[in-house]
Amino acid sequence: LDIVNTFLLDGMKVVGELFGSGQMQLPFVLQSAETMKAAVGYLEQYMEKEEAGDSAKGTLVLAPVKGDVHDIGKNLVDIILSNNGYRVINLGIKQTVDNIIAAYQEHDADCIAMSGLLVKSTAFMKENLETFNEQGISTPVILGGAALTPKFVYGNCQDTYKGKVVYGKDAFSDLNFMEKLMPAKAASKWDDFQGFQGEFAEDEAEESSNGKKSSRKKAATAEEGNGKASTATATVSEEATSKESKPEPAPVADTRRSEAITLDLERPTPPFWGTKVLTPEDIPLDEMFWYLDLQALIAGQWQFRKRKDQSREEYNAFLEETVYPILEKWKQRIKDEQLLHPQASYGYFPCNAEGNTLHLYDP
């Protein structure tokens, strides 16, 4: 246990700091977390039973909301918190509110964390919070995922939920909250409806003071700008209303076919009528890899983005030396281990135009 606390946890703290400052990309964070998880798993055989898991620091129920299948961020939260001594009830993807509530009640969780990458997930989160209210649940709820913003969480979601909601920026911010929540609960300095109390509330206020000052400054600037804009708008409105305006006739769409297009065309003959399904044997993986959106994959999913202090030449060299070899390694692994089974369905159908409507017929 000393090895875990002294070396592994300190190492992950460094990883968290590097990730937060933008100096470490997400794939390396995941790799570091998996390495620590493997190390802890190996060391468990040398721990006494009470050290190995009977004395978890706290319990967290973790789940993407209904309809959301994205779990990379969720799994990272699981690894980071588990490695730091918390018991994480990872429910998997697309979890209904009933499943989340059942897990919360079964494990007497200290906190619930819900994630969502899709925009529609935000609606499900609010619905879940309303259900929590109806069921008398007031435990703190962490909300995270790319679909969320602090404004939405602390505004819309907090207005919905009777308990306290927390914006989970990333796995390390979730860990920071739990590291503060559990001591506060132990010291009776946490209230489900009011949040942190006493010295814990003072620490929280001090941490957020700079952000609030910045927000007030921006609000004042915006208000000043809005005042000027309002004056200008009022002037324009007065000028507009001083003149009699006649309603403009509604535009009429011209649906005539262009004379440049001839209808005397040879009708193509399809290779077959109806639908056809392509199996993995019909789709060469190398040909499919050619269609990869490298910008979306490397910069968006893998987070290998050009740093501000990095020139374009340095970034391209980094891609060639580090990133592209990783990509090629994964391509080869996908083929060797048959990790991907692509399929596609397509077809040809007779059709006919009637005005602006296209009719498809069963062949």
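## Salt bridges, a parallel sheet and a surface patch

At 38% relative accessibility, Arg-333 counts as partly exposed. This arginine is a good place to start a walk through the model, which is a predicted one. The side chain of Arg-333 meets that of Glu-337 in a salt bridge, with 3.2 Å from N to O. Glu-337 is also partly exposed, because its relative accessibility is 45%.

### The chain as a whole

Let us step back for the overall numbers. The chain has 363 residues, and 30% of them count as buried. Its secondary structure comes to twelve helices and eleven strands. The accessible surface is about 24,300 Å², with carbon and sulfur atoms contributing 52% of that area. Among contacts with a separation of 6 or more, 69% are between residues 24 or more positions apart.

### Salt bridges

How many salt bridges does the chain contain? The count comes to six. The table gives three of these pairs, including the one already met.

| Acidic residue | Basic residue | Closest N and O atoms |
|---|---|---|
| Asp-309 | Arg-307 | 3.1 Å |
| Glu-337 | Arg-333 | 3.2 Å |
| Glu-328 | Lys-331 | 3.4 Å |

The surroundings of these residues are worth a look. In the pair of Asp-309 and Arg-307, the aspartate counts as exposed because its relative accessibility is 62%, while Arg-307, at 38%, counts as partly exposed. In the pair of Glu-328 and Lys-331, the glutamate is partly exposed, with a relative accessible area of 45%. Lys-331, by contrast, has a relative accessible area of 17%, so it is buried; the cut-off for buried is under 20%. How far apart are Glu-328 and Lys-331 in helix 12? They are three residues apart in this helix, which spans residues 312–336, so about one helical turn separates them.

### The parallel sheet

Now to the sheet. Five strands make up an open sheet with parallel pairing, in the order 2-1-3-4-5. Strand 2 (87–90) and strand 5 (165–168) are the edge strands, each pairing on one side only. From one strand to the next, the twist averages 25 degrees. As a reminder, strands of a sheet pair through backbone hydrogen bonds, either parallel or antiparallel.

Going through the pairings, strand 1 (residues 59–64) runs parallel to strand 2 and is joined to it by four bridges. Here Leu-62 stands opposite Asn-90 of strand 2. Strand 1 is also joined to strand 3, again in parallel, by five bridges, and Leu-60 faces Cys-111 of strand 3. Strand 3 in turn has four bridges to strand 4, with the two strands running parallel. The bridge partner of Ala-113 there is Ile-142 in strand 4.

Why is strand 3 described as largely enclosed by the rest of the structure? Five of its five residues are buried, so the strand is largely enclosed. Its side chains are split between two directions: Cys-111, Ala-113 and Ser-115 point one way, and Ile-112 and Met-114 point the other way.

Two helices lie across this sheet. Helix 6 (residues 119–134) lies across strand 3 (111–115), strand 4 (141–144) and strand 5, at about 155 degrees to strand 3. Helix 8 (residues 171–186) lies across strand 1, strand 3, strand 4 and strand 5, and runs at about 145 degrees to strand 5.

### Asp-68, in a loop beside strand 1

The loop between strand 1 and helix 4 (72–83) holds Asp-68. Is Asp-68 buried or exposed? With a relative accessible area of 0%, it is buried. Which residues does Asp-68 contact, leaving aside neighbours within four places in sequence? They are Ile-93, Lys-94, Gly-116, Leu-117, Leu-118 and Ser-121. Leu-118 is 50 residues away from Asp-68 along the chain, yet their C-alpha atoms are separated by 6.7 Å.

### A nonpolar patch on the surface

Finally, on to the surface. Trp-273, Tyr-346 and Tyr-348 form a nonpolar patch there, with about 310 Å² of accessible area together. Tyr-348 belongs to strand 9, which covers residues 344–348. Its relative accessibility is 33%, so Tyr-348 counts as partly exposed. That value fits its place in the patch, because patches are made of residues with over 30% relative accessible area.

Note on methods
Residues are numbered from 1 along each chain as its sequence is written. This is a predicted model: local features need pLDDT of at least 70, side-chain atom pairs count only at pLDDT 80 or more; totals for chains, interfaces and linings use all residues. Side-chain values use heavy atoms; hydrogens and water are left out. Patches are made of residues with over 30% relative accessible area and no salt bridge: like charges are joined within 9 Å, nonpolar side chains (Val, Leu, Ile, Met, Phe, Trp, Tyr) within 5 Å. Accessible areas come from the Shrake-Rupley method with a 1.4 Å probe; for residues, only the protein chains shown count as cover. A salt bridge is a side-chain nitrogen of Lys or Arg within 4 Å of a carboxyl oxygen of Asp or Glu. Buried means under 20% relative accessible area, exposed over 50%, partly exposed in between (1.4 Å probe, protein chains only). Two strands pair if DSSP finds at least two bridges between them. Axes are lines fitted to C-alpha atoms, for helices over the stretch in contact, and angles run from 0 to 180 degrees between N-to-C directions. Contact means heavy atoms within 4.5 Å.
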